[in-house]
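User: Could you take a close look at one helix for me and show how it sits in its surroundings? I'd be glad of a connected account rather than a list.

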Amino acid sequence: MQEFEATGNTVDEAIKIFLEENNLKHKDIEVTIIDSGSKGILGFNKRLAKVLIRKNFDLIAYTEKLFQKIISSIDLKVDAIIKLDNKDLNIELVGEDARFFIGKHGCILDAFSQILNSALKKFNNVKVIIDAENYRLKQREMLEHLAITSAKKVERSHVKCILKPMSSYERLIVHKTLQSFPNIITYSEGENQNRHIVIDWQDSKKQTA
């Protein structure tokens with residue numbers, strides 16, 4: 001359960017502002033009054049009301065509602081199966097139109113992940129991972145194979161290998177895959193759409209994300 005302080009001219013106003021800013025309802029919170037505030041006398045010694053708010057809501061139900069709101073204007077048949085695994089919020093898109101949410105190189109999945117991660121960041125320290133038709137699993141296996149194959153070439157030649165530009169999610173998979181390779185380092189170069197990974201040979205191991 002997370003705790004937040006909110007202020008307003010009155011207790012009711014402090015609560016109302018918090019609910020509106022966080023798209024919550026009264027049933028989603030518990031409130032403790034810290035200071036009821038004071039109008040003061042002739043404008044002097046005025047104090048804002050202050051409350052302690054505890055958010056205790058169903059993250060999965062909230063995410064389902066948020067997802068449906070996002071896709072409500074899209075005429076596609078798709079549902080979301082949502083599971084919370086520690087700090088990972090896994091969303092599996094299912095239905096006859098689920099494949100349309102993948103996009104080129106998973107770009108649409110990445111975009112939806114960014115939207116939901118941004119929306120949920122203020123509620124819980126979770127990472128949203130969206131998948132459709134096992135794309136993420138196939139992507140991971142492909143990237144792991146690419147990383148290992150490229151690293152072995154670098155081990156033989158001691159010549160660095162520059163991979164094609166990747167998303168931050170894809171780069172993370174490559175970094176993690178090669179962590180156990182002795183004398184192989186990985187680091188990222190480039191900006192924005194051109195950011196890519198370099199696999200290099202080095203006697204002392206060092207990794208930069």
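**A helix and its neighbours**

Analyst: Happy to. The buried residues of α5 pack against three elements: α4 (135–157), β8 (184–189) and β9 (196–201). Please keep in mind that this is a predicted model.

Let's begin with the helix itself. Helix α5 covers residues 168–177, and 7 of its 10 residues are buried, so the rest of the structure largely encloses it. The buried ones are Tyr 169, Glu 170, Arg 171, Ile 173, Val 174, His 175 and Thr 177. Buried here stands for a relative accessible area under 20%. For the chain as a whole, 36% of the 209 residues count as buried.

One of these helix residues also leads to a nonpolar core. Tyr 169 is among the members of a core of 14 residues, which also includes Leu 143, Ala 147 and Leu 163. That core lies apart from the largest one, which has 23 residues.

Just past the helix, what is the setting of Phe 181, buried or exposed? Phe 181 sits in the loop that links α5 to β8, and with a relative accessible area of 14% Phe 181 is buried, because that value falls under the 20% cut-off. Its C-alpha is 8.0 Å from that of Ala 151, although the two are 30 residues apart in sequence.

Two other loops in this part of the chain hold a backbone detail that may interest you. Most residues other than glycine have a negative phi. His 158, however, has a positive phi of about 60° without being a glycine. His 158 belongs to the loop between α4 and β7 (161–162), and at 45% relative accessibility His 158 is partly exposed. Asn 192 is another non-glycine residue with a positive phi, here about 50°. The loop between β8 and β9 holds Asn 192, and its relative accessible area of 69% makes Asn 192 exposed.

For contrast, here is the other core. In the largest nonpolar core, the residues with the most contacts inside it are Ile 91, Leu 93, Leu 109, Leu 120, Val 128 and Ile 130. At least two residues each come from α2 (59–71), β4 (79–85), β5 (88–94), α3 (107–120) and β6 (127–132). Of these, α2 gives the largest share, with 5 residues. Leu 120 shows how the pieces meet: beyond its neighbours within four places in sequence, Leu 120 is in contact with Leu 59, Tyr 62, Thr 63, Leu 66, Leu 89 and Val 128.

Finally, the wider frame. The chain has 5 helices and 9 strands, arranged from the N terminus as β-α-β-β-α-β-β-α-β-α-β-α-β-β. Its radius of gyration is 24 Å, whereas a compact globule of 209 residues would have one near 17 Å. Along the principal axes, the C-alpha atoms fill a box of roughly 80 × 45 × 30 Å. Among contacts with a separation of 6 or more, 56% join residues 24 or more positions apart. The accessible surface is about 13200 Å², and carbon and sulfur atoms account for 51% of it. As for charge, there are 32 positive and 29 negative side chains, and the centres of the two sets are 3 Å apart.

Definitions and conventions: Residues are numbered from 1 along each chain as its sequence is written. This is a predicted model: local features need pLDDT of at least 70, side-chain atom pairs count only at pLDDT 80 or more; totals for chains, interfaces and linings use all residues. Side-chain values use heavy atoms; hydrogens and water are left out. Helices (H or I, at least four residues) and strands (E, at least two) are DSSP runs, numbered from the N terminus. The radius of gyration is taken over C-alpha atoms; the globule rule is 2.2 Å times the number of residues to the power 0.38. Buried means under 20% relative accessible area, exposed over 50%, partly exposed in between (1.4 Å probe, protein chains only). Contact means heavy atoms within 4.5 Å. Accessible areas come from the Shrake-Rupley method with a 1.4 Å probe; for residues, only the protein chains shown count as cover. Lys and Arg count as positive and Asp and Glu as negative; His and the chain ends are not counted. The place of a charge is taken as NZ of Lys, CZ of Arg, CG of Asp or CD of Glu. A nonpolar core is a set of buried Ala, Val, Leu, Ile, Met, Phe, Trp, Tyr and Cys residues joined through side-chain atoms within 4.5 Å.
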